[in-house]
Amino acid sequence: MEHKHITPLGNDGMYVLDTASWRIERPVLDPKVCVRCGTCLAICPVGSVVSDGDGYRITYDYCKGCGLCAAECPKKAITMEPEVK
């Protein structure tokens, strides 16, 4: 008897949630205000904040708009703005 196991990769391969489709607001980073402390990079649960060498930027492919990056930014360099579809 063959048993199928539920794993992080699922039974038929990796399953990726379209977390970006949940978003009603998106974080917007003001690079002029950002002090490159890395808090947003560390706090993002889906890895949407990336280092671009000179600072940080937000990629929206998996960003679910949770607002943690904006809430935790010590300089308020990230604001939440309405998502435009």
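Glutamate 25 touches Gly65, Met80, Glu81, Pro82 and Glu83, once residues up to four places away in sequence are set aside; contact here means heavy atoms within 4.5 Å. This report describes a predicted model, in which local features need pLDDT of at least 70 and side-chain atom pairs count only at pLDDT 80 or more, while totals for chains, interfaces and linings use all residues. Residues are numbered from 1 along each chain as its sequence is written, and side-chain values use heavy atoms, with hydrogens and water left out.

**Overall architecture**

The protein contains 2 helices and 4 strands, arranged from the N terminus in the order β-α-β-β-α-β. Helices (H or I, at least four residues) and strands (E, at least two) are DSSP runs, numbered from the N terminus. Of the 85 residues of the protein, 27% count as buried. Buried means under 20% relative accessible area, exposed means over 50%, and partly exposed lies in between (1.4 Å probe, protein chains only). The accessible surface comes to about 6,200 Å², and 56% of that area belongs to carbon and sulfur atoms. These areas come from the Shrake-Rupley method with a 1.4 Å probe; for residues, only the protein chains shown count as cover. Among contacts between residues at least 6 apart in sequence, 60% join residues at least 24 apart.

**Links between distant parts of the chain**

Glutamate 25 is found in strand 1. Because its relative accessibility is 33%, glutamate 25 counts as partly exposed. Its C-alpha atom lies 8.4 Å from that of valine 84, although the two residues are 59 residues apart in sequence. Glycine 65, in the loop between strand 3 and helix 2, is 40 residues from glutamate 25 along the chain, yet their C-alpha atoms are separated by 5.4 Å. Apart from neighbours within four places in sequence, glycine 65 is in contact with Arg23, Glu25 and Met80.

A further link involves isoleucine 43, which belongs to helix 1 (residues 39-43). Isoleucine 43 and leucine 68 are 25 residues apart in sequence and 6.7 Å apart in space, C-alpha to C-alpha. Beyond its neighbours within four places in sequence, isoleucine 43 is in contact with Leu68, Cys69 and Glu72. Isoleucine 43 has 32% relative accessibility and therefore counts as partly exposed.

**The nonpolar core**

In soluble globular proteins, nonpolar side chains tend to be buried together. The largest nonpolar core of this model has 12 residues in all: Leu29, Cys34, Cys40, Cys44, Val49, Tyr56, Ile58, Cys69, Ala70, Cys73, Ala77 and Ile78. Strand 3 (56-58) and helix 2 (68-72) each supply at least two residues of this core. A nonpolar core is a set of buried Ala, Val, Leu, Ile, Met, Phe, Trp, Tyr and Cys residues joined through side-chain atoms within 4.5 Å. Cysteine 40 touches Val49, Tyr56, Cys69 and Ile78, not counting residues up to four places away in sequence.

**Cavities**

A search of the whole structure finds 2 cavities of 30 Å³ or more. On a 1 Å grid over the protein atoms alone, a cavity is a set of points where a 1.4 Å probe fits but cannot get out, and lining residues have an atom within 4 Å of a point. Grid points are joined across faces, edges and corners, and a volume is the space filled by probe spheres set on the points. In the classes below, Ala, Val, Leu, Ile, Met, Phe, Trp, Tyr, Cys and Pro count as nonpolar, Asp, Glu, Lys and Arg as charged, and the others, Gly among them, as polar.

| Cavity | Volume | Lining residues nearest the centre | Lining by class |
|---|---|---|---|
| Largest cavity | about 90 Å³ | Pro27, Cys44, Cys63, Cys66 and Cys69, of 14 residues | 10 nonpolar, 3 polar and 1 charged residues |
| Second largest cavity | about 70 Å³ | Cys34, Val35, Cys37, Cys73 and Pro74, of 15 residues | 11 nonpolar, 2 polar and 2 charged residues |

**Positive phi angles**

Most residues other than glycine have a negative phi. Arginine 36, a residue other than glycine, has a positive phi near 60°. Arginine 36 lies in the loop between strand 1 (25-29) and helix 1, and counts as partly exposed because its relative accessibility is 46%. Lysine 76 likewise has a positive phi, of about 55°, although it is not a glycine. Lysine 76 is found in the loop between helix 2 and strand 4 (78-82). With a relative accessible area of 53%, lysine 76 is exposed.

Notes
1 Å grid on protein atoms, 1.4 Å probe; cavity = no way out; pocket = protein on both sides within 12 Å on 5 of 7 lines; lining within 4 Å.
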